[in-house]
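Here is a short briefing to read beside the sequence and the 3D view. Keep both open as you go.

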Amino acid sequence: MNTLLGVDTMGPVRCYIGLGANIGDSRATIAEALKRLNELPNLTVDTVAPLYRSAPIGYTEQNYFINTVAEVSTTLTPRQLLTALQQIENDLGRVRVMRWGPRTVDLDILLYGEQTILEPELQVPHPRMTQRAFVMVPLADLNPGLVIDGQKAQLLARRLAEEQEIYAEQRRYKDVVKKMNCNYSLYLVTDRAILEGRDLYHAVEAALQGGVTLVQLREKHTSSRDFYQIALGLKDLTCKYQVPLLINDRLDIALAVDADGIHIGQEDLPLQVVREMLGPQKIVGYSVANIEEAVYGERNGADYLGAGPVYATQTKSTPIEPLGVEGLRSIKEAVSIPVVGIGGINVRNVSQVRRSGVDGISVVSAILGSFNPANASRELYTAWHKKD
Ligand SMILES: Cc1ncc(COP(=O)(O)OP(=O)(O)O)c(N)n1
Ligand SMILES: Cc1nc(C(=O)O)sc1CCOP(=O)(O)O
Ligand SMILES: [Mg+2]
């Protein structure tokens with residue numbers, strides 16, 4: 001490898017990381033470990049296998065484990081990667097008491113490209129990986145044809161799954177990856193009233209073609225049955241463009257269509273209840289109009305905040321005075337989760353909004369009020385990405 005100051009100059013290396021936990025809320029810990037992994041500089045989590053529950057091996061007087069495997073690409077060296085994984089383990093409360101004993105979270109480098117590393121602290125490929133169903137089964141989900149020690153991952157996984165106790169969990173961790181990679185920059189919120197009879201699917205598809213990065217289905221006066229049917233249709237559409245779909249207000253609809261998440265406000269179900277019922281892997285957005293609400297949102301499980309109204313808007317009647325760019329900036333500076341501005345944002349003021357430091361713009365009429373939502377989205381996209 002060609003290294004310069006410890007960084008591989010040949011480009012990213014594909015690695016597989018094994019994750020396991022059996023103390024506390026293991027699913028939430030694994031979700032948090034994946035998030036922190038993806039936040040490392042020089043590393044991207046590309047895919048995560050489904051979760052599995054597996055019987056402990058070695059010391060059996062302990063809880064079953066939750067396991068998965070992540071495929072990542074990184075320019076970190078093996079040593080740097082090992083140090084980063086140990087830091088995440090420590091930050092998440094791992095205490096090393098006994099070998100093969102209970103653990104809050106365990107992160108192992110399974111494979112680092114095609115390299116073999118035989119150092120006292122680091123052996124890659126992981127020396128016991130081909131003997132463990134909880135490694136080989138999720139690994140084979142990600143890359144069935146991968147050959148390790150001359151054996152195909154899928155064949156090894158099948159044999160080990162017959163010999164060892166391992167159960168597939170319901171939750172697909174593709175949701176975690178979608179959530180981690182969520183792009184808030186151009187966020188469309190729907191409102192059929194503004195369409196004045198034009199077709200919602202056509203308008204949303206045009207907006208997706210124009211560069212919208214996130215969609216929220218907002219239906220204020222629709223029966224539950226119709227809301228559900230529209231949500232199913234939009235889910236197909238957003239899946240086609242690999243853009244997440246969030247549901248406004250309605251937890252039942254979000255659950256029923258397995259949406260990527262929900263957006264709730266100050267008058268909707270309590271944030272903590274929504275987070276608990278939707279689980280850690282889904283996106284929860286929370287509306288705020290001041291710093292107190294923003295801090296509460298961050299502390300109680302919101303993934304992002306919708307701050308508004310930034311400017312006066314005809315789309316929703318709100319008693320709150322517009323925040324303006326300075327109000328928006330003060331909210332953004334008070335929290336560390338993503339913030340999007342909403343309310344009266346259009347192509348003429350988008351660059352002001354961007355200068356407040358927020359992570360994106362959320363719009364209704366600037367896209368759906370246009371007879372050409374694709375163009376309108378393209379213009380907003382360009383304005384958002386324009387350098388000053
Ligand atoms: C991204 C985003 N931000 C704010 C809102 C407003 O939510 P809420 O205050 O709950 O009002 P309704 O949209 O439910 O009328 C939003 N929907 N999206
Ligand atoms: C749905 C919504 N929520 C707001 C808030 O301030 O919380 S403003 C708003 C409407 C945004 O529509 P437009 O982009 O057409 O102004
Ligand atoms: Mg609401």
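Is Ala 153 buried or exposed? Ala 153 is buried, because its relative accessible area is 0%, and the cut-off for buried is under 20%. Keep in mind that this is a predicted model. The points below start with Ala 153, move to a helix and some backbone features, and end with two ligands.

**Ala 153 and its surroundings**
- Ala 153 sits in helix H4, which covers residues 153-163.
- Leaving aside residues up to four places away in sequence, Ala 153 touches Met 136, Ala 140, Asn 143, Pro 144 and Leu 146.
- Val 135 is 18 residues away from Ala 153 along the chain, and their C-alpha atoms are 9.9 Å apart.

**Helix H1**
- Helix H1 runs over residues 26-39, which makes 14 residues.
- At 1.5 Å a residue, H1 should span 20 Å. Its end C-alpha atoms are 20 Å apart, so the expected span and the model agree.
- Several residues of H1 are buried, among them Ile 30, Leu 34 and Leu 37. Ser 26, Thr 29 and Asn 38 are also on the buried list.

**Positive phi angles**
- Most residues other than glycine have a negative phi.
- Asn 42 is not a glycine, yet its phi is positive, at about 70°.
- Asn 42 lies in the loop between H1 and strand E4 (43-48). With a relative accessible area of 44%, Asn 42 is partly exposed.
- Asp 258 also has a positive phi, near 50°, and is a residue other than glycine.
- The loop between helix H9 (251-256) and strand E16 (261-264) holds Asp 258. Asp 258 is partly exposed, with a relative accessible area of 37%.

**Cis peptide bonds**
- Most peptide bonds are trans.
- The bond joining Val 124 and Pro 125 is cis, with omega about -5°. Pro 125 is in the loop between strand E9 (123-124) and helix H3 (133-142).
- Gly 308 and Pro 309 are also joined by a cis bond, with omega near 0°. Pro 309 is in the loop between strand E18 (304-307) and helix H12 (324-334).

**Ligand 1**
- How many residues surround ligand 1? There are 15, and the closest are Gln 216, Arg 218, Lys 220, Ser 287 and Lys 316.
- By class, this shell has three nonpolar, seven polar and five charged residues.
- A nitrogen atom of ligand 1 is 2.9 Å from an N or O atom in the side chain of Gln 216.
- An oxygen atom of ligand 1 is 2.7 Å from a side-chain N or O atom of Arg 218. For the side chain of Asp 268, an oxygen atom of ligand 1 is 3.0 Å from an N or O atom.
- On its own, ligand 1 exposes 420 Å², and the protein buries 88% of that.

**Ligand 2**
- The residues around ligand 2 include Arg 218, Lys 316, Gly 308 and Pro 309. Gly 308 and Pro 309 are the pair joined by a cis bond.
- This shell divides into four nonpolar, six polar and two charged residues.
- Side-chain N or O atoms of two threonines lie by oxygen atoms of ligand 2: the distance is 2.6 Å for Thr 313 and 2.5 Å for Thr 315.
- Gly 344 offers a polar backbone atom, 2.7 Å from an oxygen atom of ligand 2.
- Ligand 2 has 420 Å² of accessible area on its own, and the protein covers 93% of it.

Notes: Residues numbered from 1 in each chain as written. Chains lettered and ligands numbered in written order. Predicted model: local features only at pLDDT ≥ 70, side-chain atom pairs only at ≥ 80, totals over all residues. Heavy atoms only, no water. Helix = DSSP H or I, 4+ residues; strand = E, 2+ residues; numbered from the N terminus. Expected span 1.5 Å × (residues − 1). Buried < 20%, exposed > 50% of the residue type's maximum accessible area, 1.4 Å probe, protein only. Contact = heavy atoms within 4.5 Å. Near = heavy atom within 4 Å. Polar contact = N/O pair within 3.5 Å; in protein donor to acceptor, adjacent residues only side chain to side chain. Areas by Shrake-Rupley, 256 points an atom, 1.4 Å probe, with all protein chains shown as cover. Nonpolar A, V, L, I, M, F, W, Y, C, P; charged D, E, K, R; others polar.
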